[in-house]
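Trainee: Could you take a close look at how one pair of helices packs in this model? I'd like the geometry and the residues involved, and then whatever else you find worth pointing out.

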Amino acid sequence: MAKSTSATGHNAPDSGTPRLIDRLEAIFSRHVVPVIIVSLSLLLPVSGTRYYSSSDTLHAAMKVLKDESGTLDPGTARRALSLQPAVLYRDTHLSERPFWLSVETPVPWDSGSIIVEFPSRHTQAIACWDLTSLMPLGNAERTDDNAPWNESLTARKAGFALRLSQHVTQIRLLCRATSIGPARLTVKLWNAKAFRQSEELFHRDVGLLEGSMLILAVFAFITALINHEGVFILLAVWLVGNLRLAELSIGSDMQWLGYTVPYSWMPVIRQLTVATYFIVTYSMLDAVFKQELAAVGRHQLILRAARFLGRALLLAAIVLPYRTFLPVMWVIASLGIGGVVFILFRLIASTHSRVAVWFAASLSITLFASFSDVLGTAFRMKGLVAAFDSMTATLLSSLIAALAVAEQLRIEHRRLAITQSQFQETYDTTPVGLFTLDLDGHIIRGNPALRRIMQYDSRSEDHPWTDYFEAGAWDKLRAIAHRRGGEEIELRSAAATGELPKWFLLKATLTRGHIEGSLQDITARKRASERLHFLAEHDALTGTLNRFGLEKTITRLMNTSAIPGAFVPFGLAYLDLDRFKLINDLFGHHAGDAVLQQVVERINTKIGHDDALGRIGGDEFVIVVRSGDMEHAAMLCHNLASEIAGPPYQLGRRAFQVRASIGMLEVSQAIDVSDAISAADRACRAAKFKHDHVVVYRHEAAVLTERAETLRLIDRLRGDLRSAGLYLEMQPIMSVRTPYDTLDFEVLLRMRDAMGGTVPPVKVIAAAEESGHISELDKWVLTTTLEWLEQHSARLSKTRFVCVNLSGASLNDEHFVSDIFNLLDAHAPILNKLCIEITEGVALHDLVNTRRFINRLQAAGAKIALDDFGAGYTSFSYLKNLPADALKIDGAFIRSMAEHSSNTAIVEAIVALASNLGIRSIAEWVEDCGTLETLATFGVDYVQGWVISPAQSPDAILNARSAADFIEDEHVAAFVRRHASESGNGPFSYERSDTFPF
């Protein structure tokens with residue numbers, strides 16, 4: 001037990017004592033020593049004696065005279081100076097003229113040599129004489145700054161110094177000084193020993209300034225190299241510029257690292273130093289506070305202006321002499337200082353950044369000290385600025401800049417730590433697999449997402465890449481890693497037996513001997529993409545081709561041929577289920593969908609493997625029959641119709657019977673896909689009226705020929721209508737009461753084909769309506785008619801109205817209506833002859849707009865006729881609301897009057913109704929004399945038809961005297977003469993009837 005206790009008691013001090021001593025050493029080093037250093041530094045200025053004493057110095061009073069002409073000699077200057085008051089200093093205010101000064105004072109010390117110092121660093125040359133005898137005492141220039149003391153007057157420190165004899169009891173000096181810049185002339189008297197101490201102090205301060213600033217600059221430069229931060233290189237350059245400006249301020253810039261700079265270099269060096277410092281200052285400000293400046297926003301304008309000023313200052317430093325450069329520098333530097341101070345304090349106020357505060361303080365002190373002359377000269381504060389110690393300010397600003405650098409390093413270190421932490425967190429939580437592989441394809445490192453995606457055990461050490469992916473995946477990965485182009489590839493997994501393979505998106509790059517990359521599971525996206533690709537060309541319900549897929553298949557078939565240059569014919573069947581809508585309406589769409597799926601199953605049992613089935617509508621299908629044998633295709637259509645109409649379709653306990661109509665088209669040459677489907681659709685519609693519900697159009701079928709003609713017409717109408725073969729004809733409209741006094745007619749559109757024949761107008765109209773050019777066609781007809789009427793107005797004195805028919809599609813087009821009224825305004829003088837025909841169905845479609853349109857036309861001077869009157873169902877009830885000028889009775893009633901007595905009664909009623917409403921009646925399609933006589937007995941106003949005349953050319957109209965001139969049938973002519981005579985308007989009447997002025 002004793003042994004145990006002794007051992008324990010012996011070991012405790014051995015283990016505790018070293019730790020206690022280490023703690024005491026740490027306290028001594030970290031706390032005690034710094035306190036001792038600070039205490040001694042504060043105690044010595046109070047109780048110690050200053051090594052460099054400045055007590056043996058005196059500011060001497062002097063008299064100063066500016067030599068305006070620069071020609072004064074010492075004697076003249078002495079006499080002029082005697083009249084000047086004594087002062088302690090005199091500012092040259094940038095003058096480069098010589099200044100004379102005299103000093104008369106007793107020697108202030110009992111023994112030793114007297115040194116007279118002229119401390120202005122802007123003084124370039126000085127010469128001195130004895131004030132009594134005018135004997136020269138010496139002269140010196142800045143180029144003599146290394147002159148030895150054996151000469152009486154030499155350049156010393158920042159200015160000049162004159163050594164006087166030890167036996168002098170009275171100082172009597174006359175001196176001539178020449179300066180460049182804002183010089184302040186002063187005279188200081190020194191004891192020789194004290195002056196030597198001041199020189200030592202001056203050079204010590206210069207060395208201290210250079211050493212401290214260069215060490216700080218080197219520190220910043222090394223920091224830039226270590227951290228790869230360009231802003232610290234800017235800081236190092238700025239600190240060197242800061243040093244040179246401080247040396248310029250205290251007058252020691254003619255030295256650098258212990259060497260004297262040739263004086264001839266100094267003007268250029270000083271100018272370039274100031275300009276470069278200006279540019280570097282703003283560059284560093286922009287680099288250090290880039291984010292803060294972006295947040296402040298509008299201060300970027302100040303920085304851009306400062307950069308422009310910096311370039312201007314650099315150019316001035318290169319091309320201007322020193323004396324001219326100074327005023328330019330003062331102006332630009334003053335603006336620059338103001339801009340820097342404003343930006344810095346705004347940054348501090350808006351961002352509260354400690355780094356911004358340190359840099360603001362450092363820059364403010366440096367700029368104030370370095371440009372003290374600029375401030376003093378610009379704002380007349382020479383005395384205040386001179387009290388600011390440039391050397392102290394430079395060291396202080398450098399210390400503050402070092403603190404700013406340290407603060408920035410601390411922030412960057414903290415930011416880096418946070419970034420690393422965030423990166424690790426992101427690495428662990430990202431849903432994308434991140435990996436690192438060696439060059440042999442083994443997984444070195446992977447995040448949790450990778451382990452989850454690849455499903456490998458992290459506890460196992462060996463994970464070859466090839467074990468998890470398809471053959472060749474490793475070669476693909478290495479290929480994109482070595483290319484380093486940021487490529488992406490898709491890889492497929494090595495699927496286990498009975499499982500579907502997975503798909504992955506891979507990125508990889510080669511970095512430091514490893515392959516870094518990412519792996520993303522895109523299996524769901526891949527399958528969705530495949531599904532979307534399928535649905536892009538297939539119907540989602542039935543799985544057949546949709547319209548796009550069907551058109552793509554037909555196009556590919558038209559462009560593919562077994563024999564080059566030859567077309568392989570094929571069949572196109574259009575299948576429509578009859579009355580299928582009833583199933584949807586009665587039992588719901590789910591029932592209809594189920595029936596459609598069963599229909600598709602039956603169709604697939606009949607068509608061949610090379611045939612294609614597509615669904616292009618609710619119950620409409622298209623089948624591409626690859627066999628060019630139309631007998632086989634026709635048989636297939638009949639079989640399909642029988643199969644579809646076969647056994648009922650079962651849906652639960654319900655059974656549905658479905659029939660189909662099929663139209664088959666033989667495609668024997670390449671045509672437009674939509675035209676082919678449209679032709680097959682027309683065949684299907686025709687099949688609905690046949691008992692077997694099947695119609696087959698071979699390639700020579702009339703319907704296809706007509707369709708081709710229509711397409712050719714559409715192509716012609718798409719071009720210039722003036723060159724499309726269009727022209728006008730005019731069919732006379734005869735007044736029944738005054739047939740010889742009027743020459744009225746209707747304008748009819750005609751078109752010539754390529755062979756010079758006439759295209760039926762109904763086909764032209766149909767093609768224009770199908771292609772959407774009907775409004776352009778109507779506008780051409782109306783424009784051509786109005787221009788022709790205006791050109792031949794003098795020869796159409798008997799013409800009371802000219803009818804022009806406008807289509808319903810045009811009247812429903814607001815742009816067309818606007819263009820028409822602009823056209824009517826341009827032809828206002830002849831609008832009283834124009835009569836616009838509107839089909840009754842169009843007029844009744846929108847009664848309000850039609851009435852507004854009619855009123856506007858009549859206000860312009862034109863007339864309105866309701867065409868095809870009687871063809872609708874509501875004509876009589878709405879007629880009273882339409883202010884029409886005439887009714888054109890539908891020709892179907894007129895042509896069949898002799899066959900159907902009911903039509904005769906209808907026509908008689910329409911004529912009577914029009915007469916009672918004060919509207920003129922016009923009968924169309926009058927083709928025989930009997931019909932004409934009947935209409936005359938009804939009191940119809942005008943007749944139009946072949947019984948009077950077919951359509952005539954415009955020249956024939958111009959050469960006629962009246963509409964009756966075109967009658968060729970003698971029986972008709974005799975009736976017209978007789979009826980006109982009975983009405984008092986025969987061909988030999990001397991008075992013209994105006995009873996019906998329409």
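Mentor: Sure, and keep in mind that this is a predicted model. Take helix H18, residues 589-606, and helix H19, residues 630-644: their axes sit 10 Å apart and make an angle of about 145 degrees. As for handedness, H18 and H19 cross in the right-handed sense. On the H18 side, the contact comes from Val599, Arg602, Ile603 and Lys606, and H19 supplies Leu636, Leu640, Glu643 and Ile644. Sort those residues by type and you get five nonpolar, three charged and no polar.

Now for a single side chain elsewhere. His827 sits in the loop that links helix H25 (814-826) to strand S32 (834-839). With a relative accessibility of 8%, His827 falls under the 20% cut-off, so it counts as buried. Leaving aside residues up to four places away in sequence, His827 touches Leu786, Glu787 and Glu790. With Glu790 there's also a side-chain to side-chain polar contact, at 3.2 Å.

Last, a sheet. Six strands form an open sheet in the order S3-S2-S5-S11-S7-S8, and the pairing is antiparallel. Strand S3 (86-87) and strand S8 (136-141) are at the edges with a single partner strand each, so each has one side without a neighbour in the sheet. At the S3 end, strand S2 (residues 62-66) runs antiparallel to S3, and two bridges join them. If you want a spot to zoom in on there, Met62 stands opposite Val87 in S3.

Terms used
Residues numbered from 1 in each chain as written. Predicted model: local features only at pLDDT ≥ 70, side-chain atom pairs only at ≥ 80, totals over all residues. Heavy atoms only, no water. Helix = DSSP H or I, 4+ residues; strand = E, 2+ residues; numbered from the N terminus. Buried < 20%, exposed > 50% of the residue type's maximum accessible area, 1.4 Å probe, protein only. Polar contact = N/O pair within 3.5 Å; in protein donor to acceptor, adjacent residues only side chain to side chain. Contact = heavy atoms within 4.5 Å. Axes fitted to C-alpha atoms, helices over the stretch in contact; angles between N-to-C directions. Left-handed = near helix turned anticlockwise from the far one by under 90°. Nonpolar A, V, L, I, M, F, W, Y, C, P; charged D, E, K, R; others polar. Pairing = 2+ DSSP bridges.
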